[in-house]
Amino acid sequence: DEFDRGLGGLFKGELLVLAGRPSMGKTALALHMALAAARKGKRVCFFSLEMTERQLISRLLCTISGVEPDKLRFKLLNADERARLGAASEELDRLPLFLNYCSGCNFEEIRAKTMALHRRTALDLIVIDYLNLIQINPAARGEVKDTMDLALGEAAGKLKTLAMELDVSCLTLAQLNRNCETRTDHIPVMSDLRNSGEIEQIADSIAMVYRPEQYNELYDNVTHESYHRVGRLFIIKNRNGGTGEVRFRYNDSLTQIYPYKK
């Protein structure tokens, strides 16, 4: 809810980049946002370039049911948990959430699948997990001097064009480089984005996710509030509003996201 107030929601024709280091919770947040939109009746297409079908479905079922992933993975479920997973499966089946598993996809394949689905049922939101895994071959364009960073910027530009063409919102996840690991505060900044210049210009909004506990930061130095299971989201670019920090809470397995003040 704080993120909604800070960003104003997801707008059609706009590209939101959600960036972070590995294991910071990018996919968890993206799935949370996709589920929240689908539960409101919005038609969401989720492209997973990183997880298998089994992994993605398992994660969604755990998110909806509240069952711990380890219990599902190692088949340690009791009767109540099996019932909750069954109810979660029925809910997932009803939701207008379309899952695409396309490891190794290039942008043209993503565009073709999106266009085909959009013709059948008009989409409201496209989620890409994640930008850095879209297969790119800069030399194929006849410009060998192009770097992978520039090609990533081009991929982001194509996603923005697709969002405008179909009049849908587009959320793409992105990996940060290791620069924040070398700083004392570890808090991500715009320059930590690979090819930040290109993505910076193209994206309508950019948010960075950061979990202090990953760096053994246990409390806020100013307010002295505990950072236990607390995530920080830095809105560092917002073309249609202000920037700033919002917070959220999560469970140990990072399958569920809660409002910070709940």
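**Entry 1: α2 against α3**

I began with the packing of helix α2 (residues 26-39) on helix α3 (residues 53-65) in this predicted model. I read an angle of about 65° between them, with the axes 11 Å apart. Angles of 65 to 115 degrees count as roughly perpendicular, and I therefore entered α2 and α3 as roughly perpendicular to each other. The crossing of α2 past α3 is right-handed.

I then looked up which residues form this contact. From α2 come Thr-27, Ala-28, Leu-31, Leu-35 and Arg-39. On the α3 side I listed Leu-56, Arg-59, Leu-60, Thr-63 and Ile-64. By class, the contact of α2 with α3 comprises 6 nonpolar, 2 polar and 2 charged residues.

**Entry 2: α3 against α5**

Next I followed α3 to helix α5 (residues 79-94). The two helices pack at an angle of about 110°, and their axes lie 9 Å apart. That angle makes α3 roughly perpendicular to α5.

In α3, the residues that meet α5 are Ile-57, Leu-60, Leu-61, Ile-64 and Ser-65. Their counterparts in α5 are Arg-84, Leu-85, Ala-88, Ser-89, Glu-91 and Leu-92. I counted this contact of α3 with α5 as 7 nonpolar, 2 polar and 2 charged residues. I noted that Leu-60 and Ile-64 of α3 appear in the contact with α2 and also in the contact with α5.

**Entry 3: the sheet**

I turned to the strands and asked in what order they lie in the sheet. The sheet is open, has 9 strands and mixed pairing, and reads β3-β2-β4-β5-β1-β6-β7-β8-β9. Its edge strands are β3 (97-101) and β9 (257-259), each of which pairs on one side only. From one strand to the next, the twist averages 25°.

At the β3 edge I checked the pairing with strand β2 (residues 44-48). These two strands run parallel and are joined by 5 bridges. Within this pairing, Phe-46 has Leu-99 in β3 as its bridge partner.

**Entry 4: helices on the sheet**

Finally, I looked up which strands α2 touches. Helix α2 packs on the sheet and touches β1 (15-20), β2, β3, β4 (125-129), β5 (169-175), β6 (205-210), β7 (230-238), β8 (244-250) and β9. The direction of α2 makes about 170° with that of β5.

I recorded one further helix on these strands. Helix α6 (residues 107-120) lies across β2, β3 and β4. It runs at about 155° to β2.

Terms used. Residues are numbered from 1 along each chain as its sequence is written. This is a predicted model: local features need pLDDT of at least 70, side-chain atom pairs count only at pLDDT 80 or more; totals for chains, interfaces and linings use all residues. Side-chain values use heavy atoms; hydrogens and water are left out. Axes are lines fitted to C-alpha atoms, for helices over the stretch in contact, and angles run from 0 to 180 degrees between N-to-C directions. Helices (H or I, at least four residues) and strands (E, at least two) are DSSP runs, numbered from the N terminus. Angles under 35 degrees count as roughly parallel, over 145 as roughly antiparallel, 65 to 115 as roughly perpendicular and the rest as oblique. A crossing is left-handed if the near helix is turned anticlockwise from the far one by less than a right angle, and right-handed if clockwise. Contact means heavy atoms within 4.5 Å. Ala, Val, Leu, Ile, Met, Phe, Trp, Tyr, Cys and Pro count as nonpolar, Asp, Glu, Lys and Arg as charged, and the others, Gly among them, as polar. Two strands pair if DSSP finds at least two bridges between them.
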